Amino acid sequence: QVQLVESGGGLVKPGGPLRLSCAASGTIFRFVGMGWYRQAPGKQRELVASITSGGRTNYTDSVKGRFTISRDNAKNTVTLQMSSLRPEDTAIYYCNRATMSALRPWGQGTQVTVSS
């Protein structure tokens with residue numbers, strides 16, 4: 001009965017910011033690494049940011065310097081602060097475990113559309 005609920009997406013102009021939130025339930029949240037993934041039409045889902053249980057972060061090259069992942073273990077939430085958004089950032093964004101072997105069922109995701 002694990003549930004992952006993403007929110008915060010929307011339509012934004014190039015260069016603008018968005019903050020995505022993920023609420024996790026049914027897991028021992030504070031002991032697992034979490035990540036944000038995205039999937040654009042016709043492309044495979046990719047991991048763009050991750051954060052370990054201890055707070056260590058990692059980013060794919062295309063978002064380094066623009067995205068910041070954080071977590072609040074007390075609230076079982078993970079956030080993705082995005083800035084300087086580009087049209088190529090357009091995708092459905094999902095949160096999940098950062099370790100492939102530990103992935104839970106995917107949530108619905110939240111749509112981010114970057115367009116002028």
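In strand 10, Gln-111 is the bridge partner of Ile-92, and this pair belongs to the contact between strand 9 (residues 91-97) and strand 10 (residues 110-114), which run antiparallel and are joined by 3 bridges. Strands here are DSSP runs (E, at least two residues), numbered from the N terminus, and two of them count as paired if DSSP finds at least two bridges between them. The model is a predicted one, in which local features need pLDDT of at least 70, side-chain atom pairs count only at pLDDT 80 or more, and totals for chains, interfaces and linings use all residues. Residues are numbered from 1 along each chain as its sequence is written, while side-chain values use heavy atoms, with hydrogens and water left out.

Strands of a sheet pair through backbone hydrogen bonds, in either a parallel or an antiparallel sense. Strands 9 and 10 lie within an open sheet of 6 strands, whose order is 2-10-9-4-5-6 and whose pairing is mixed. At its edges are strand 2 (10-12) and strand 6 (57-59), each of which pairs on one side only. Neighbouring strands of this sheet are turned against each other by 25° on average, direction ignored, where the axes are lines fitted to C-alpha atoms and angles between N-to-C directions run from 0 to 180 degrees.

A further open sheet is formed by 4 strands in the order 1-3-8-7, with antiparallel pairing. Its edge strands are strand 1 (3-7) and strand 7 (67-72), each pairing on one side only, and the twist from one strand to the next averages 15°. Within this sheet, strand 1 pairs with strand 3 (residues 18-25) in the antiparallel sense over 5 bridges, and Val-5 stands opposite Ala-23 in strand 3.
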